[in-house]
Amino acid sequence: MYKQRGLLIVLSGPSGVGKGTVRKELFQQPDTNYEYSISMTTRSPREGEQDGVDYFFKSRQEFERRISEGGLLEYAEYVGNYYGTPLDYVNATLDAGRDVFLEIEVVGAAQVREKVPDGLFIFLAPPSLSELQVRLVGRGTEEADVIASRVLKARDELEMMNLYDYVVENDEVSKACDRINAIVTAEHCRRERVEKRYLQMLEGE
Ligand SMILES: Nc1ncnc2c1ncn2[C@@H]1O[C@H](COP(=O)(O)OP(=O)(O)OP(=O)(O)O)[C@@H](O)[C@H]1O
Ligand SMILES: Nc1nc2c(ncn2[C@@H]2O[C@H](COP(=O)(O)O)[C@@H](O)[C@H]2O)c(=O)[nH]1
């Protein structure tokens with residue numbers, strides 16, 4: 001019997017815009033039905049971060065071995081560290097008909113677009129660049145030079161907004177979550193209509 005694959009939802013945007021905050025809020029909502037794909041990184045854990053929960057923390061050597069084995073759906077080097085999405089988990093979950101949620105930067109998102117063109121690509125945008133800087137400083141997890149690199153990078157990342165299916169402003173976390181939920185629901189309805197039409201056409205043969 002024909003079984004539709006799950007939907008791959010990609011949330012991207014500059015560092016500090018609030019991707020993690022929005023994602024955590026979405027996953028706390030009782031009717032959320034996506035699976036979160038935990039990324040791999042060579043970055044050191046921040047205070048409170050747990051291996052296998054926030055990231056799979058790996059050495060550069062181990063990460064490069066995963067790349068050479070083709071074990072990543074996408075990866076990017078971001079301000080001196082590797083970040084990537086384990087391929088097996090994404091494939092197994094989508095094959096089981098479950099939606100997968102990726103929270104990744106823009107270079108990796110562009111690679112996913114090439115490989116999974118029917119994914120749903122959402123760019124989370126800050127109200128302004130100055131507010132982005134305020135958020136990064138307020139988070140207090142990076143030194144001033146790293147914050148400066150991330151804000152500088154954000155200028156180029158914002159130019160990639162037009163490559164996305166949707167741009168969602170993160171002015172308020174609850175509003176951003178509502179917008180993302182509405183987009184995902186609309187995409188499911190669209191896919192159901194297409195699937196129904198497809199099955200009707202097969203029956204008519
Ligand atoms: N809508 C918002 N209004 C004000 N502050 C926010 C909002 N969303 C997130 N923040 C704050 O901004 C900071 C950065 O948020 P967060 O860590 O979620 O960003 P991120 O995009 O996941 O960053 P990175 O890509 O570096 O992981 C946090 O301190 C968070 O509490
Ligand atoms: N291309 C990928 N980017 C990822 C992945 N996981 C996280 N990220 C992004 O990296 C930056 C920096 O993250 P931080 O935790 O050090 O602040 C940020 O934009 C993340 O969204 C991934 O698997 N692939």
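Which helix does Val90 lie in? Keep that residue in mind as you go through these points; the model you are looking at is a predicted one.

1. **Val90 and its surroundings.** Val90 belongs to helix H3. This residue is buried, because 22 other C-beta atoms lie within 10 Å and 20 or more are enough for that label. Leaving aside residues up to four places away in sequence, Val90 touches Ser37, Leu73, Thr85 and Val100. Take a moment to find Ser37: Val90 and Ser37 are 53 residues apart in sequence, yet their C-alpha atoms are 6.8 Å apart in space.

2. **The sheet of five strands.** Now look for an open sheet with parallel pairing, whose five strands come in the order E2-E7-E1-E8-E9. Its edge strands are E2 (34-36) and E9 (166-169), each of which pairs on one side only. From one strand to the next, the twist averages 25°. Helix H7 packs on this sheet and touches E1, E8 and E9, with a direction that makes about 165° with that of E8. If you would like to follow one pairing by eye, try E2 and E7, which run parallel and are joined by three bridges. Glu35 has Val100 as its bridge partner in E7, and Val100 is also one of the residues that Val90 touches.

3. **The sheet of four strands.** A second thing to trace is an open sheet in the order E4-E3-E6-E5, where the pairing is mixed. Why is one side of E4 and of E5 left without a neighbour in the sheet? Strand E4 (56-57) and strand E5 (72-78) stand at the edges and have a single partner strand each, so one side of each has no neighbour there. Helix H3 (residues 87-95), the home of Val90, packs on this sheet by touching E5 and strand E6 (81-86), and its direction makes about 25° with that of E6. Strand E3 (residues 40-41) runs parallel to E4, and two bridges join them. In one of these pairings, Thr41 has Phe57 in E4 as its bridge partner.

4. **Helix H1 and its buried face.** The buried residues of H1 are Lys19, Val22, Arg23 and Leu26. Looking down the axis of H1, you would find them within an arc of 100°, so they line one face of the helix. Their cover includes E1, strand E7 (99-103), E8 and helix H7 (173-203).

5. **The annotated binding site.** An unreviewed UniProt entry places the feature "binding site" at Gly13, Pro14, Ser15, Gly16, Val17, Gly18, Lys19 and Gly20. Two of these are good to compare. Ser15 sits in the loop between strand E1 (8-12) and helix H1 (19-28), and counts as buried because it has 22 C-beta neighbours inside 10 Å. Not counting residues up to four places away in sequence, Ser15 touches Leu136, Arg150 and Ala154. Gly20, by contrast, lies in helix H1 and is partly exposed, with 14 other C-beta atoms within 10 Å.

6. **The nonpolar core.** Which residues touch the most other members of the largest nonpolar core? Among its 40 residues, they are Ile9, Val10, Leu120, Ile122 and Leu124. Strand E8 (residues 120-125) gives this core its largest share, six residues. Leu124 is worth a click: beyond four places away in sequence, its contacts include Gly13, Val17, Gly18 and Lys19, which are among the positions in the UniProt "binding site" feature.

Methods: Residues are numbered from 1 along each chain as its sequence is written. Chains are lettered from A and ligands numbered from 1 in the order in which they are written. This is a predicted model: local features need pLDDT of at least 70, side-chain atom pairs count only at pLDDT 80 or more; totals for chains, interfaces and linings use all residues. Two strands pair if DSSP finds at least two bridges between them. Two residues are in contact if their C-beta atoms, placed from the backbone, lie within 7 Å. Axes are lines fitted to C-alpha atoms, for helices over the stretch in contact, and angles run from 0 to 180 degrees between N-to-C directions. UniProt positions are given in the numbering used here, feature names are shortened, and annotations may be inferred rather than shown by experiment. A residue is buried if 20 or more other C-beta atoms lie within 10 Å of its own, exposed if 12 or fewer, and partly exposed in between; C-beta atoms are placed from the backbone. A nonpolar core is a set of buried Ala, Val, Leu, Ile, Met, Phe, Trp, Tyr and Cys residues joined through C-beta atoms within 7 Å. The arc is that of the directions from the helix axis to the C-beta atoms.
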